[in-house]
Amino acid sequence: MTTPSPQRARRILGWALLAAFVAIPIAEFWVVTQVGGLIGLWPTLALLVVSAAVGAVLMRREGTKAWAALVNAFGSGQLPTGRLADAALVLVGGILLMLPGFLTDLLGLVMILPFTRPLIRRLLAFVLARRVAGKGTDPMVIRGETVDAPPSDPTVIRGQIEP
C-alpha cells in the first residue's frame with residue numbers, strides 16, 4: 001500500500017472537511033426536526049438551550065481540572081501527553097456541546113466526561129499511530145547513528161547489524 005502525496009492528502013482532507021461541513025448540519029437538522037415532531041417545538045428548543053448551558057458548565061469544570069493537571073505535570077517535570085490530550089478533548093467537546101444539535105451534543109459529552117475521555121484518547125492515539133506508521137518507509141527500520149563511546153558507557157546500545 002502506498003501513501004498518497006502530501007498534496008493529494010491535503011486535497012482528500014479538504015474534500016472530507018467540506019463533506020462534513022455539509023453533512024453534519026443536514027443530519028443535525030433532521031434529528032432536531034424528528035425530536036421536535038415527537039416532543040414539540042418548545043421542549044426541543046429548551047433541550048437545545050439546556051444542552052448548551054450544560055456544555056458550558058462541563059467545559060469549565062472539566063477544563064479547569066485538565067488545565068490543573070497539565071500545569072501540575074509541567075511543574076513536576078513529567079511529559080504531559082495524556083493531560084494535553086485531555087485538555088484538547090475537553091475544549092473540543094465543550095465547543096461541540098455548545099453548538100445547537102443533538103448529534104454534536106452526544107459527541108461532545110463523550111469527549112468531556114472523565115470516564116469516556118480515556119476511550120476517545122486511546123482511539124485517537126491509535127488512529128494517529130496508524131497514520132504515522134503509514135508515512136514511514138519500513139516499520140522494521142530503526143534509524144540511528146554510529147558513535148565511538150567507551151565500552152563502559154551505559155547509555156550506548158550495543159549490537160550487531162544484520163544484512
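Which residues make the nonpolar surface patch of about 450 Å²? In this predicted model, the patch is formed by W15, L18, V22 and I26. Of these residues, I26 belongs to helix 1, which spans residues 6-39. The relative accessibility of I26 is 56%, so this residue is classed as exposed, the cut-off for that class being over 50%.

Helix 1 also packs against helix 2, which covers residues 41-75. The angle between the two helices is about 130 degrees, and their axes are 7 Å apart. Helix 1 is therefore oblique to helix 2, because an angle of this kind falls neither under 35 degrees, nor over 145, nor in the range from 65 to 115. The crossing of helix 1 past helix 2 is right-handed.

Charged side chains were examined next. Side chains of opposite charge can pair when their charged atoms come close. Two salt bridges are counted in the model, under a criterion that places a side-chain nitrogen of Lys or Arg within 4 Å of a carboxyl oxygen of Asp or Glu. One of the salt bridges joins D86 to R117, with 3.8 Å between the closest N and O atoms. This pair connects distant parts of the chain, as D86 is located in helix 3 (residues 81-98) and R117 in helix 5 (residues 117-135), with a separation of 31 residues. A salt bridge is also formed between D86 and R121, where the closest N and O atoms are 2.4 Å apart. Here D86 is again in helix 3 and R121 is in helix 5, so this pair ties together parts of the chain that lie 35 residues apart in sequence. D86, R117 and R121 are thus linked in a network of salt bridges.

The residues of this network were also assessed for solvent accessibility. D86 has a relative accessible area of 16% and is therefore buried, given that the class is set at under 20%. R117 is likewise buried, its relative accessible area being 7%. For R121 the relative accessible area is 26%, so this residue is partly exposed. The salt bridge between D86 and R117 accordingly has a buried residue on the D86 side and a buried residue on the R117 side, whereas in the salt bridge between D86 and R121 the arginine is partly exposed.

Technical notes
Residues are numbered from 1 along each chain as its sequence is written. This is a predicted model: local features need pLDDT of at least 70, side-chain atom pairs count only at pLDDT 80 or more; totals for chains, interfaces and linings use all residues. Side-chain values use heavy atoms; hydrogens and water are left out. Patches are made of residues with over 30% relative accessible area and no salt bridge: like charges are joined within 9 Å, nonpolar side chains (Val, Leu, Ile, Met, Phe, Trp, Tyr) within 5 Å. Accessible areas come from the Shrake-Rupley method with a 1.4 Å probe; for residues, only the protein chains shown count as cover. Helices (H or I, at least four residues) and strands (E, at least two) are DSSP runs, numbered from the N terminus. Buried means under 20% relative accessible area, exposed over 50%, partly exposed in between (1.4 Å probe, protein chains only). Axes are lines fitted to C-alpha atoms, for helices over the stretch in contact, and angles run from 0 to 180 degrees between N-to-C directions. A crossing is left-handed if the near helix is turned anticlockwise from the far one by less than a right angle, and right-handed if clockwise.
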